[in-house]
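Biologist: I should be grateful for a close look at one part of this model, set against the chain as a whole. Please begin with the aromatic rings and then turn to a single loop residue.

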Amino acid sequence: CTQCTPGRFANNTASAICEQCESGKYGSSFGASNPNDCKSCVPGKHASATGSSECLNCPAGSACPDYSTSSYIPCPLGRYNRFACATNCSACSQGKYGPYKGAAVCLDCPKGKCGPLNGSTAVDECEDCHAGKFSSVDGLYSCTYCGKTEYQPAKGQSSCLECPGVV
């Protein structure tokens with residue numbers, strides 16, 4: 001009889017052939033003798049290869065939502081995940097957008113624009129600030145009105161202009 005290495009098992013004790021644990025499962029001990037000795041990967045981890053001796057962390061920018069996951073799922077557009085071992089991806093927050101599949105971070109809407117919606121997928125979904133408003137920093141979800149002594153006749157601006165004759 002053969003003593004199987006981790007990730008493998010002998011389906012009967014007299015067998016000289018070791019079978020591999022299926023993908024999504026792993027075997028951590030020597031001498032496994034039953035397919036039930038192969039354990040399921042927990043959510044947040046995966047085992048893409050058969051015969052795995054351990055489960056791997058799902059990388060940032062992906063999710064492993066279920067037990068026995070054989071491959072991680074990249075976050076879709078407009079969603080992200082900053083950490084390894086995640087079970088889901090989060091929507092990009094207001095003021096941000098996610099143009100890439102498998103993103104670990106979302107990008108900021110640029111100055112002069114705001115992002116009022118969660119889950120935006122492109123910079124085009126960031127809206128220009130209306131006339132009379134501005135945004136002076138990246139990543140804002142709403143634009144700010146100009147002050148009492150300021151104005152802004154154009155849209156999509158990052159600052160306001162001083163009213164003429166005001167000291």
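Modeller: This is a predicted model, and the number of aromatic pairs in the structure is zero. A ring does take part in another kind of arrangement: the charged end of Lys133 sits over the ring of Tyr145, at 4.5 Å from its centre.

The residue chosen for the close look is Ser48. Ser48 belongs to the loop that runs between strand S5 (45-46) and strand S6 (56-57). Its relative accessibility is 48%, and because exposed residues must be over 50%, Ser48 counts as partly exposed. When neighbours within four places in sequence are set aside, Ser48 is in contact with Ser23 and Ser70. Of these partners, Ser23 is 25 residues away from Ser48 along the chain, yet the C-alpha atoms of Ser23 and Ser48 are separated by 5.3 Å.

The setting of this loop is a protein chain with 18 strands and zero helices. Along its principal axes, the C-alpha trace spans about 100 × 25 × 15 Å. The radius of gyration of the protein chain is 27 Å, whereas a compact globule of 167 residues would have one near 15 Å. Among contacts in the protein chain with a separation of 6 or more, 42% join residues 24 or more positions apart.

As for the surface, 29% of the 167 residues in the protein chain are buried. The accessible surface of the protein chain comes to about 9,600 Å², and carbon and sulfur atoms account for 50% of that area.

Notes
Residues numbered from 1 in each chain as written. Predicted model: local features only at pLDDT ≥ 70, side-chain atom pairs only at ≥ 80, totals over all residues. Heavy atoms only, no water. Helix = DSSP H or I, 4+ residues; strand = E, 2+ residues; numbered from the N terminus. Buried < 20%, exposed > 50% of the residue type's maximum accessible area, 1.4 Å probe, protein only. Contact = heavy atoms within 4.5 Å. Phe/Tyr/Trp six-rings, centres within 6.5 Å; stacked < 30°, edge-to-face > 60°. Lys NZ or Arg CZ within 6 Å of the ring centre and 35° of its normal. Rg over C-alpha atoms; globule rule 2.2 N^0.38 Å. Areas by Shrake-Rupley, 256 points an atom, 1.4 Å probe, with all protein chains shown as cover.
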